[in-house]
Structures are given as C-alpha cells and as structure tokens.
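Please look over the model below before reading on. The notes are meant for someone who is new to reading structures of this kind.

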Amino acid sequence: MKSFLNVQDLGDLKVALAEAQEIKNDRYKYAELGKNKTALLVFFNNSLRTRLSTQKAAQNLGMNVIVLDVNAGAWKLETERGVVMDGDKSEHLLEAIPVMASYCDVIGIRSFAGLKDRDYDYAETVYNQFVKYSGKPVFAMETATVHPLQAFADLITIDEATRSMQEAKKKIKVVMTWAPHPRCLPQAVPNSFAEWMVEASRTPLLQNAGKDVEIEFVVTHPRGYELDPKFVGDARVEYDQMKAFEGADFIYAKNWSCPGVTEADKYGTILEDYHTMLDWTVGERQMAVTDNGKFMHCLPVRRNMIVTDDVIEAPTSLVIPEAANREISATVVLKRILESIK
Ligand code: AN0
Ligand code: CP
C-alpha cells in the first residue's frame, strides 16, 4: 500500500477486520516487521489521539518514529506554488517534502482543510504533493477531506459491539448525525465515516452469533449540510433527526461546516448561529427512540454542544473503546505499508 486515503486503499474490509482482531489479540505479533524502518508523522494541526495512537502503532511494529509539528518549532511552510514568499513563511513545501522524505521510509500527514477554497481542499492538494514529491508511502492522519484511520477504527468498534450484542439481529441501523459546534469544522470525519459505512453496507461484513449482519446507514443533518456524493453515495438522508434515530443501534455524532455541495459560496461556513441549533445536541430525548443505541464520536468532543454529559457518560457510550481502536487501525495500516516496501 503506497497511499492510504480512501476505503478502497485497504481492499477487502472483511480481511482488514480479521487483521485488526489478529493485531488486537497480540499487538506485538509483527514487532520485527518495522525494524530499522522510520515513520515520520507530520502535523500541520493539533492532535491528541492520532499523535499518540500512530506513534504507538509504529512502535508495535518495531519502527523508529519522528514527529514534526510544523507550527511549533519548524519553519512556517508555504503550500501553494506561485506565491511571492515575502510573508511569514520561510520555506516551501516543495523543498521541505523531499528533505523530510530523506530521513524516513513512511510519512503520515495531518493537514486539515483550509475551508476557504473548496477546489483546493477537495483536490487534496497538500496530501498529493507529499505523494508526488516524497517518493515514499504516505498515509492520511486526517487530510483536507478524509480521516480514514478514524473511519477504520470506527468500523472495528461497530464490528466488536455488534458481535457482543445480546439480541441476534440480521440488520443494524447506523445513524450519523450532524450536531452543533461554535467553530467551522472540516468534513473529513463525516466524509470518511460515510464512505466506509456505504462500503461496509454493500456486503454482509459483520457477524453476530455466527450469522451475517447487514448495515443500514442513515445520515441526518439540517438542510444545507449535504455531504459530497463522492463519499455519501446514495445513503439515505433524513432531515428529521428524531425520525432518523428511531430504532438505531449506533449513533455517530459529528459537527461539520457547509460542504458547499448545494451552495458553493457557503463552503466551510456555519449556516445558522449554533445557539439556534441546540435541539440537534444528542441527548436523552433522541437516545430514547433508539434501540438501546450506542453513542459514538471521534473525539475531541464539546460536551453539551455535540452531546450531553449523560449520554457520553452512559454505559452505552463507546467513545473510549473507539479511541483505543485507533492504535489497532494504525497498526494494520502501517503493517500493510511495511509489507509493501519490504
Ligand atoms: C477536527 C475535525 O472536526 O476535523 C478533528 C477531529 C478528529 N476537530 C476539531 O477541530 C475540533
Ligand atoms: N479523533 C482524532 O483524530 O483525534 P485527534 O484530533 O486528537 O488526533
């Protein structure tokens, strides 16, 4: 695997989920695979989980790890060509990439959407420059439009929770809901979650009591927040949040700013003042109509904006095991990359 951005990069999801469980049962099983190989993790944005879980994953595989925080100690990087560099940016990405690549074997990139220019973000301009100019395998640690390590960890979490469900079900309902937030956030997390759920619902992937379990995937958000069809495909969109939640087994909450699909000029903005949208905050009222629904969120989460204290603290909340599975998804991805460069 030379690049990890989309669900297709991982191939058969059933195989990937089995590999995740193999790693989970013995996370040091491939501790020799990464000997004398170096992972460089480049962060243009903040991180807690991705930073720690990806370092841990690389260490599980015996790799050396270097972490670079571009905005804390490195030269500020210009990312666009043609700019007269007379501002605060001392170095261009086009020199920095091959230099960074000379010290490592694999590169992870965290580079959020700028939310100013939709075409620039949706072309994955920064990530693709790393692919083009590094000559090394590159993987996304949340780029402008996707967060595949998160979506893979989410799928692992849903797989595990489905297998341990008391009641045998033929079908589980997974609902991704928009929730309010005071800042403009990227669409990477919901894009990837939708992309992975759409793919996961194509074939029976999950199991309960040795029987196949299908996924029904529903997205709910206020009008104007329609996600790019490239990710959400033909998934059902239900604008009535309460209706969407009825009978749900999993509630996946996330805020995102306007994706600019229907209104290009509003790309990256908040459409209504969040104070007027607080009825979208996931609370007991909505969870009551689910089928003992499990609550999920990628974290970091703002309490009593996205979700109430009661819901996130309930025994049905999966946010901690979900974050813990980030180590597993990253270990599988790095293992695949190492196998491809052996
Ligand atoms: C980021 C986002 O919404 O994309 C990272 C989530 C993993 N969240 C914030 O910036 C709060
Ligand atoms: N979920 C996630 O990617 O968290 P961080 O932003 O803390 O890495």
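The numbered points below go from the overall chain to its two ligands and then to two details of the backbone.

1. The first thing to keep in mind is that this is a predicted model. The protein chain contains twelve helices and 13 strands, and its C-alpha trace, taken along the principal axes, spans about 55 × 50 × 35 Å.

2. On overall form, a compact globule of 342 residues would be expected to have a radius of gyration near 20 Å, and because the protein chain has 20 Å, the value agrees with that expectation.

3. Which residues surround ligand 1? The shell is made up of Phe 112, Glu 142, Leu 185, Pro 186, Lys 254, Cys 298 and Leu 299. Sorted by class, these residues are five nonpolar, no polar and two charged, and the ligand that they surround sits in the largest pocket.

4. Two side chains of that shell deserve a careful look, since each has an N or O atom at a short listed distance from ligand 1. An oxygen atom of ligand 1 lies 2.6 Å from an N or O atom in the side chain of Glu 142, and an oxygen atom of ligand 1 lies 2.7 Å from an N or O atom in the side chain of Lys 254. On its own ligand 1 has 330 Å² of accessible area, of which the protein covers 83%.

5. Ligand 2 also has a shell of its own, formed by Ser 47, Leu 48, Arg 49, Thr 50, Arg 110, His 147, Gln 150, Cys 298, Leu 299 and Arg 326. By class this shell holds three nonpolar, four polar and three charged residues. Ligand 2 sits in the largest pocket, as ligand 1 does; Cys 298 and Leu 299 are found in the shell of ligand 1 and again in the shell of ligand 2.

6. How far is an oxygen atom of ligand 2 from an N or O atom in the side chain of Ser 47? The distance is 2.7 Å, while for the side chain of Arg 49 the corresponding distance from an oxygen atom of ligand 2 is 2.8 Å, and for the side chain of His 147 it is 2.8 Å. Taken alone, ligand 2 exposes 260 Å², and the protein buries 94% of that area.

7. The backbone beside Leu 299, a residue of both shells, should be checked by eye: the peptide bond from Leu 299 to Pro 300 is cis, with omega near 5°. Pro 300 belongs to the loop that runs between strand E13 (294-296) and helix H11 (309-313).

8. A further backbone detail concerns Leu 115, which has a positive phi of about 60° although it is not a glycine. Leu 115 is placed in the loop between strand E6 (106-110) and helix H4 (118-122).

Technical notes: Residues are numbered from 1 along each chain as its sequence is written. Chains are lettered from A and ligands numbered from 1 in the order in which they are written. This is a predicted model: local features need pLDDT of at least 70, side-chain atom pairs count only at pLDDT 80 or more; totals for chains, interfaces and linings use all residues. Side-chain values use heavy atoms; hydrogens and water are left out. A residue is near a molecule or strand if one of its heavy atoms lies within 4 Å of it. A polar contact is a pair of N or O atoms within 3.5 Å; within protein, one must be able to donate a hydrogen and the other to accept it, and residues adjacent in sequence count only if both atoms are side-chain atoms. Accessible areas come from the Shrake-Rupley method with a 1.4 Å probe; for residues, only the protein chains shown count as cover. On a 1 Å grid over the protein atoms alone, a cavity is a set of points where a 1.4 Å probe fits but cannot get out, and a pocket is an open set with protein on both sides within 12 Å along at least five of seven lines; lining residues have an atom within 4 Å of a point. A molecule sits in a cavity or pocket if more than half of its atoms lie within 2 Å of its grid points. Ala, Val, Leu, Ile, Met, Phe, Trp, Tyr, Cys and Pro count as nonpolar, Asp, Glu, Lys and Arg as charged, and the others, Gly among them, as polar. Helices (H or I, at least four residues) and strands (E, at least two) are DSSP runs, numbered from the N terminus. The radius of gyration is taken over C-alpha atoms; the globule rule is 2.2 Å times the number of residues to the power 0.38.
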